[in-house]
Amino acid sequence: MPFDTIIRGGTIATAADTFACDIAVRDGRIVALGHDLGAAERIIDATDRLVLPGGIDSHVHFAQPSGDGIVMADGFATGTRSAAFGGNTTVLPFCLQEKGQTLREALRNYHAQADGECHVDVAFHLIVTDPTDQVLGQELPALVQDGYTSLKVFMTYEGMALSDRELLETMAVARETGAVLMVHAENFDAIRFLTDRLERAGNTAPRFHATSRPIPVEREATHRAISLSELVDVPIMIVHVSNRGAMEEIRRAQQRGLNVMGETCPQYLVLTEKDLDQLNMEGSKYVCSPPPRDVDSQQACWEGLQQNVFSVFSSDHCPFRYDDPHGKLAPKGRTSFRWVPNGIPGVATRLPILFSEGVVKGRIDLNAFVALTATNHAKIYGLYPRKGTIAVGSDADIALWDPKRKVTIRHDLIHDGSDYTPYEGLEVTGWPVLTMVRGRVVVDDGILVGAKGHGTYLQRTKPPARLPTKESKPSSGGRRKSVTLSRRTAPRCLGQCWSWPPVCTRAAWWETSPCAGWSRNRSSHPFGC
């Protein structure tokens, strides 16, 4: 039987390996890897191209309620379209529970907005803002069983911030159900204190948004979130880390054996707080939380990526139109930075920025790029190995890249619902030229060729179970012993295995080749990785 598609002549990269190979696709899945695979209805020539797993962006906001008179620029149609142009094949937006609303009500509304609208596949995180006894005791455990296996909590924002007691109660449910808990870590009281003082002094321009949320605000909340998670013994993901202080809190926790992961984003690698200091309201284009910092913070975030402190690289795509009274130029926003809609677009530019600034400039290798942008997201959020890798049996979610193409980022390349990109004028090397979702080409050389509605909702599994407890370093000469590993203390692997968290670079621990995978019963790993 002929294949539906063969991708021929490219260089494949996964989180563990880089090799020359052809890919055969049938019924939306990868069914063969090799050479001389025979006939297919369509042959895609990938000569001089990189063939990578489609990107997974596990931190995006679409169609999210954003306050009175404020409208998010992207719904599912434009948001997933922009994601596809950026080489992504799966996104995980957030379903926000508003105060007084049940989680199931929020999910019904969110599914209704997504159904039939998506160009790429989607799965939903749950945002818990009203952790009532019913939500924590009944709804949340049932929804985790139904495949909603990740949730997010906020330590800031009016109407969303949870108290420490509420955080602990929610963490306890996450631990009992096996859900992944994501934390937005900023100190709400400190932000309100600083904002009030700035406004009383007449400092209301967009640039003072950064002043109201300095590094100690994020560092303290990160430390507190880690301490609370330690009390409950629950894995947490600290999202959108922007600076050295917060990064080092996560690193210290990991060194102590705690189940703490981290995430950073493009804005913390290429933007700084100076971008907010522009005439009139132009600085509002860069208002996001945490805000961009300084050059040392950029370097710290690169260190976090290089040293495996951060498991994933996401966009935190949260788009609002600039020249719009329902967006950045909302009437109240003109009176104070406090009311400027908080967030920036970035789902289409995440991958090109990391590829250019990371891979091309030698900060990370190609396999780490795949892990940080696809494989680790799939593993942590219950989509692996269906998503996040190129392997027989996995979905044919594939992005072809021209690694030498030079592009100056412009908004007309983004195809989102916003009217600007904060990365306008940034020159990058390397660009996705074809995006395939479950065997169907969605974007081909800058042209949308896939129909809206091909993207589907993904039910997810829980992340890997806890690993057993013991670690052994290699003997002299670099030999490795067969050891039993702890989830708390195991060297973390980013290759194609099931270790937790899956964040270390190949050979980072043992200075040898990556592991070949470990036993499915998760009881031991023969390679000590």
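Select Ser150 and Arg460 to start: their side chains make a polar contact at 3.0 Å. The model on screen is a predicted one. Ser150 belongs to strand S12, which covers residues 150–154. Is Ser150 buried or exposed? Ser150 is buried, because its relative accessible area is 0%, under the 20% limit for that class. Now show what surrounds Ser150. Leaving out residues up to four places away in sequence, Ser150 touches Phe124, His125, Leu126, Val180, Tyr381 and Arg460.

**The whole chain**

Zoom out and colour by secondary structure. The chain has 13 helices and 20 strands. Of its 529 residues, 61% count as buried. Among contacts with a separation of 6 or more, 75% are between residues 24 or more positions apart. The accessible surface of the chain is about 19,500 Å², and carbon and sulfur atoms account for 48% of that area.

**Aromatic rings**

Show the rings of Phe, Tyr and Trp. How many aromatic pairs does the structure hold? There are 10 aromatic pairs. Select Tyr110 and Phe124, the latter being one of the residues that Ser150 touches. Tyr110 and Phe124 form an edge-to-face pair, with 4.8 Å between the centres and 65 degrees between the planes. This pair links distant parts of the chain, 14 residues apart: Tyr110 is in helix H2 (residues 103–114), and Phe124 is in the loop between strand S10 (121–122) and strand S11 (125–127). Both Tyr110 and Phe124 are buried.

Next, select Phe154 and Tyr157. Their ring centres are 5.7 Å apart and their planes stand at 50 degrees, so this pair is tilted. Phe154 has a relative accessibility of 3% and therefore counts as buried.

To see a cluster, select Phe62, Phe76, Tyr110, Phe124, Tyr148 and Tyr457, which are linked by ring pairs.

**Charges over rings**

Two lysines can be viewed with their rings. Lys152 lies over the face of Phe94, 4.4 Å from the ring centre. For the other, move to Lys332 and Trp339: the charged end of Lys332 sits over the ring of Trp339, at 3.7 Å from its centre.

**Asn342 and its loop**

Select Asn342, in the loop between helix H11 (331–335) and helix H12 (350–360). Asn342 counts as partly exposed because its relative accessibility is 21%, and buried would require a value under 20%. Its side chain makes a polar contact with the side chain of Ser289 at 2.8 Å. Which residues does Asn342 touch, not counting those up to four places away in sequence? They are Tyr157, His209, Arg213, Val287, Cys288, Ser289, Cys318 and Phe320. Tyr157 is the ring partner of Phe154 seen earlier. Add Pro319 to the view: its C-alpha is 8.7 Å from that of Asn342, with the two positions 23 residues apart along the chain.

**Asp324**

Asp324 is in the loop between S16 and H11. With a relative accessible area of 18%, Asp324 is buried. Its side chain reaches the backbone nitrogen of His326 at 2.7 Å. Apart from neighbours within four places in sequence, Asp324 is in contact with Leu329 and Ala330.

**Helix H8**

Select residues 244–255, which form helix H8. H8 has 12 residues and reaches 16 Å from its first C-alpha to its last, close to the 16 Å expected at 1.5 Å a residue. What caps the N-terminal end of H8? Asn243 does, with a side-chain oxygen 2.9 Å from the backbone nitrogen of Gly245. Just after H8, Gly257 takes a positive phi of about 90 degrees.

Now highlight the buried residues of H8: Gly245, Ala246, Met247, Glu249, Ile250, Ala253 and Gln254. These buried residues pack against two helices and three strands, listed here for selection:

- helix H7 (215–232) and helix H10 (295–306)
- strand S14 (236–238), strand S15 (260–264) and strand S16 (310–313)

**Trp302**

Stay with helix H10 and select Trp302, which lies in it. Trp302 counts as buried, because its relative accessibility is 4%. Not counting residues up to four places away in sequence, Trp302 touches Leu269, Leu354, Glu357, Gly358 and Arg363. As a last selection, take Ile364, which is 62 residues from Trp302 along the chain. The C-alpha atoms of Trp302 and Ile364 are separated by 9.0 Å.

Key:
Residues numbered from 1 in each chain as written. Predicted model: local features only at pLDDT ≥ 70, side-chain atom pairs only at ≥ 80, totals over all residues. Heavy atoms only, no water. Helix = DSSP H or I, 4+ residues; strand = E, 2+ residues; numbered from the N terminus. Buried < 20%, exposed > 50% of the residue type's maximum accessible area, 1.4 Å probe, protein only. Contact = heavy atoms within 4.5 Å. Areas by Shrake-Rupley, 256 points an atom, 1.4 Å probe, with all protein chains shown as cover. Polar contact = N/O pair within 3.5 Å; in protein donor to acceptor, adjacent residues only side chain to side chain. Expected span 1.5 Å × (residues − 1). Phe/Tyr/Trp six-rings, centres within 6.5 Å; stacked < 30°, edge-to-face > 60°. Lys NZ or Arg CZ within 6 Å of the ring centre and 35° of its normal.
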